[in-house]
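Colleague: I'm new to this one. Can you take me through it?
Modeller: Sure, have a look and ask as you go.

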Amino acid sequence: MKKILLLGTGGIAAHHIEEFAAVPECEIVGCIDSIPGKAAAFARANGIERAFDSLEEAIRWGGFDAAINCTPDGVHKATTLALIAAGKHVLCEKPLAPTYADALEMTEAAERAGLVNMVNLTYRNSPALQKARELVETGEIGALRHVEAAYRQSWLVSKAWGDALKEPMWLWRQSIAHGSTGVLGDVGIHILDFASFGAADGFASLKADLVTFPKVEGNRVGDYVLDANDSVAMTARLQSGALATVVATRFATGNQNELSLALHGTKGALKVETDGKNSSLSGCLGADVDTASWRAIDTPPVKRNARRFADALLAGRNGDPSFRRAAEIQKLIDGAFESSAEDRTVTFS
């Protein structure tokens, strides 16, 4: 039985409680929150044995094998490095770090220590995405020529998740001074991983355009200056030479949380769609290419990230998506910020 520490008790922590409940080889034995009393309340509500008000206190206790890092993005680095120094395996929430340099430092520290290190890129749980990659790798669509990827949200115009101009949980995501890096920093890692994993191809270059739209007069709500990017559009070349377009936006009215990926090749094409809970895959293959006909493709269940993390712990070998993979995606995000600021194409070695 692998004993797991939950670092952070915010909204995503409940997701991990649910995910690891389906993994009999793991048990969440402790939780941490820096707000006094919050960890204790969370522990009582979820049947967790121990609660701590600091990571230092939990490390001194030491009765755990691995940790799930659910802290805010800006403290992933310090907390993860502390866990690595204590010899603990880590499953970290995305993004791994706010910059590529920090993500690389975390990656190299975990690899030097020989510890299991994974990042919870939740859309890897999509059976449709996993099946699409398999079909690309087995040559079902031929040589890849064009990729279209989009992450569409609408919480800036919809109140389905709350009021974006009144509630702090949404206001901070629009304010650079409050730690936001906008839609690119928030979900860019998801759509860039979604696109390149599904395509089984890496990015060679990209050109990005980031936009912040006016929302209220003066673009300020109380202490929140609403200056973080709301939408990003990229054109890119993949390492195979394929052309890609990638977009992410919080202004996709009519879409709460939708990801899509289209992969067009010389022999066929695939389309992946998911809302994070359900996913579907369709293909235009073989003789259907001549009539532009699309058919649903069966997608068998796949291992979820919690299961893959447990398997890595049990085997003593690292799993995927790893810290290094997340660092590679963060390099693309840094490049997109640079590209937009300098109005130029950024290349990657």
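Colleague: Where is Gly 10 found?
Modeller: In this predicted model, Gly 10 sits in the loop between strand 1 (2-7) and helix 1 (11-21).

Colleague: Is Gly 10 buried, exposed or partly exposed?
Modeller: The relative accessible area of Gly 10 is 33%, so it counts as partly exposed.

Colleague: And how far apart are Gly 10 and Lys 267 in space?
Modeller: They are 46 Å apart, C-alpha to C-alpha, with their positions 257 residues apart in sequence.

Colleague: Stepping back, how many helices and strands does the chain have?
Modeller: There are 11 helices and 17 strands. The radius of gyration is 21 Å and the globule rule gives 20 Å for 349 residues, so the chain is as compact as a globular protein of that length.

Colleague: What share of the residues is buried?
Modeller: Of the 349 residues, 49% count as buried. As for contacts with a separation of 6 or more, 69% of them come from residues 24 or more positions apart.

Colleague: What about charges: how many positive and negative side chains are there?
Modeller: The chain has 36 positive and 43 negative ones, and the centres of the two sets lie 2 Å apart.

Colleague: Now helix 11. What span should its 20 residues have?
Modeller: At 1.5 Å a residue, helix 11 (residues 323-342) should span 28 Å, and its end C-alpha atoms are 28 Å apart, which agrees. Its buried residues include Phe 323, Arg 325, Leu 332 and Ser 339. After helix 11 comes Asp 343, with a positive phi near 50 degrees.

Colleague: Why point out a positive phi?
Modeller: Because most residues other than glycine have a negative phi, and most peptide bonds are trans.

Colleague: Which residue in the loop between strand 8 (203-211) and strand 9 (220-221) has a positive phi?
Modeller: That is Asn 219, with phi near 50 degrees. Asn 219 has 27% relative accessibility, so it counts as partly exposed.

Colleague: And Ala 292, where is that found?
Modeller: Ala 292 is in the loop between helix 9 (288-291) and strand 16 (295-296). Its phi is positive, about 55 degrees, and at 54% relative accessibility Ala 292 counts as exposed.

Colleague: Which residues does a cis peptide bond join?
Modeller: One such bond joins Lys 94 and Pro 95, with omega about -15 degrees. Pro 95 lies in the loop between strand 5 (89-92) and helix 5 (100-113). The bond from Asp 320 to Pro 321 is also cis, with omega near 10 degrees, and Pro 321 is in the loop between helix 10 (305-315) and helix 11.

How values were computed
Residues are numbered from 1 along each chain as its sequence is written. This is a predicted model: local features need pLDDT of at least 70, side-chain atom pairs count only at pLDDT 80 or more; totals for chains, interfaces and linings use all residues. Side-chain values use heavy atoms; hydrogens and water are left out. Helices (H or I, at least four residues) and strands (E, at least two) are DSSP runs, numbered from the N terminus. The radius of gyration is taken over C-alpha atoms; the globule rule is 2.2 Å times the number of residues to the power 0.38. Buried means under 20% relative accessible area, exposed over 50%, partly exposed in between (1.4 Å probe, protein chains only). Contact means heavy atoms within 4.5 Å. Lys and Arg count as positive and Asp and Glu as negative; His and the chain ends are not counted. The place of a charge is taken as NZ of Lys, CZ of Arg, CG of Asp or CD of Glu. The expected span of a helix is 1.5 Å times one less than its number of residues.
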